[in-house]
Amino acid sequence: MAADADILHASRERIEQIQLEGIQKTVLDVYEHIPFYKKSFDEAGFDPRSVKSLDDVARIPFVQKQDLRDAYPYGMLAVPLKDVREIHMSSGTTGIATVGAYTEHDLKIWGECFSRAVDFAHGDENDVMQICYGYGLFTGGLGAHYGSISAGCATIPISAGNTERQIRILREMGPTILACTPSYAMHIADTAIEMGLDPARDFSLRAGIHGAEPFSDNFRRDLERKLGYRVLDIYGLTETMGPGVAIECWEQQGLHIAEDHFYPEIINPETGEVLPDGEWGELVITTLDREASPVVRYRTRDITRIIPGECPCGRTHRRIDRIHGRTDDMLIIRGVNVFPSQIEDVMKTFPEMSSWYQIEVDTDHRSLDIVTLKAEPNPNVDLDSIADIDRLQKRISAALKAALSVGVKVKLVEPKSIPRSEGKAKRIVDLRKEL
Ligand code: DLL
């Protein structure tokens, strides 16, 4: 951790030097070892020896998720298979996987990056981390595991699921850090409350390291209140490195990108143009020292911005804002762009409402999108009459209209009727017919 403290406070010049050298090395590496990049660079007339400054990065062609899928299973490996130690995969809605492979060196870096979350949570080897991200092909479980071990924490590798057992261990083993998706943390909290516990008092949690899906600020506050701890957001993706690419510090003012291992850019998703700090757009990532699965200008489809200025914590790595959502999940309601997390944020201003919702998207006879928010009230809320329910639905709908300028139909549903998830929550149900 001592070496890390140094790099986390490095000067901009030093960070940029590391980034330039990392990019110079990575573009040569992918050009030489991955046929996709040779073809893509040659076609774009980009000479991998021509990167002399970070300004040159904008000339490099992008790589997209589909390119990675087309290369399944091993087409994007930059090392022989004998050097690979671990393979992760993410399968999107189409079912075709993208592969993220790790050499021994890559695993070490991954552990170090995630271990920063413990430092950011003001923790150390005295902490006990309960990991209920799923272990397996999903990067959540093992990424948190390597991070916890690297930080010297006592690690409880329980994986996702069996919520009552999670609660028993939370009570009996006294973990201080909880690592899982925010929606699963909420499910654990709600289940514990249903069992008659007060998790803020009965558990010993200090911090939650939650990511893998967007969650609103109001959702976060609700979690913090129920579990009596502080929630730090963590970001990553199978294609660049699992959790640990960017992590929020105690200040909760954005996620510090591990700038000694990743070079971030924000682009206009329509034109590909690089945007200045402060502007919202699509995050593009170049890995600086990945051996097995390097990527150069990978378009993540995640919408965020680089937060200008310095973090009060004093660390110098730049911060991205909390991810609004993916370009694929963005709803266009009568011409207005909306992310599910923004709808969640408005809904959570109503104390009557729980954190469980789904957004149904359908089309009307004119092929326009109709969006319905199906949401559960809190179980302790008395909605005695149809008139009560109707009034609350209308109030939420009006609040959505006022805050986001969109017309969303709100339908209150029975408690527990929205499926609970042990991993990422399914927030959007798309009923539109495939064209
Ligand atoms: O979700 C890696 C991860 C595991 C991150 C555990 C954090 C914690 P994938 O399954 O490949 O990897 O999904 C990556 O999830 O492109 C984002 O759209 C979304 N995502 C990840 N972290 C966050 C976050 C893991 N903190 C995709 N906030 C990414 C919002 C996130 N969305």
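Modeller: Let's start with angle words: between two axes, under 35 degrees counts as roughly parallel, over 145 as roughly antiparallel, 65 to 115 as roughly perpendicular, and the rest as oblique. This is a predicted model, where local features need pLDDT of at least 70, side-chain atom pairs count only at pLDDT 80 or more, and totals for chains, interfaces and linings use all residues. Residues are numbered from 1 along each chain as its sequence is written, and side-chain values use heavy atoms, with hydrogens and water left out.

Biologist: Okay, why are helix 11 and helix 12 called oblique to each other?

Modeller: Helix 11 (residues 340-347) and helix 12 (residues 386-404) pack at about 125°, with their axes 9 Å apart. Axes are lines fitted to C-alpha atoms, for helices over the stretch in contact, and angles run from 0 to 180 degrees between N-to-C directions. An angle of about 125° is over 115 but not over 145, so it belongs to "the rest", oblique. The helices themselves are DSSP runs (H or I, at least four residues), and strands are runs of E, at least two, all numbered from the N terminus.

Biologist: Which residues of helix 11 and helix 12 meet?

Modeller: Q342, I343 and V346 in helix 11 meet A399, L400, A403 and L404 in helix 12, where contact means heavy atoms within 4.5 Å. The residues of that contact divide into 6 nonpolar, 1 polar and no charged. Here Ala, Val, Leu, Ile, Met, Phe, Trp, Tyr, Cys and Pro count as nonpolar, Asp, Glu, Lys and Arg as charged, and the others, Gly among them, as polar.

Biologist: And what makes helix 7 roughly perpendicular to helix 8?

Modeller: Helix 7 (residues 163-172) and helix 8 (residues 182-194) pack at about 80°, with axes 10 Å apart. That angle falls in the perpendicular range, so the label fits. T163, Q166, I167 and L170 in helix 7 meet Y184, H187, I188, T191 and A192 in helix 8. That contact has 5 nonpolar, 4 polar and no charged residues.

Biologist: On to rings: how many aromatic pairs does a search of the whole structure find?

Modeller: The search finds 8. Rings of Phe, Tyr and Trp (its six-membered ring) pair if their centres lie within 6.5 Å; planes under 30 degrees apart count as stacked, over 60 as edge-to-face and the rest as tilted.

Biologist: What makes the pair of F36 and Y37 edge-to-face?

Modeller: Their centres are 5.2 Å apart and their planes are at 85°; with planes over 60 degrees apart, the name is edge-to-face. Ring pairs also link Y31, F36, Y37, F41 and F46 into a cluster.

Biologist: Why is the pair of Y102 and W110 called stacked?

Modeller: The planes are at 10° and the centres 4.4 Å apart, so the pair is stacked.

Biologist: How do you know that Y37 is buried?

Modeller: Buried means under 20% relative accessible area, exposed over 50%, partly exposed in between (1.4 Å probe, protein chains only). Y37 has 1%, so it's buried. F36, at 24%, counts as partly exposed. Y102 is at 0%, therefore buried, and W110 is buried at 0% too.

Biologist: What makes H324 partly exposed?

Modeller: H324 has a relative accessible area of 25%, so partly exposed it is. H324 sits in the loop between strand 14 (319-320) and strand 15 (325-326). Not counting residues up to four places away in sequence, H324 touches P214, W280, I303, F339, S341 and Q342.
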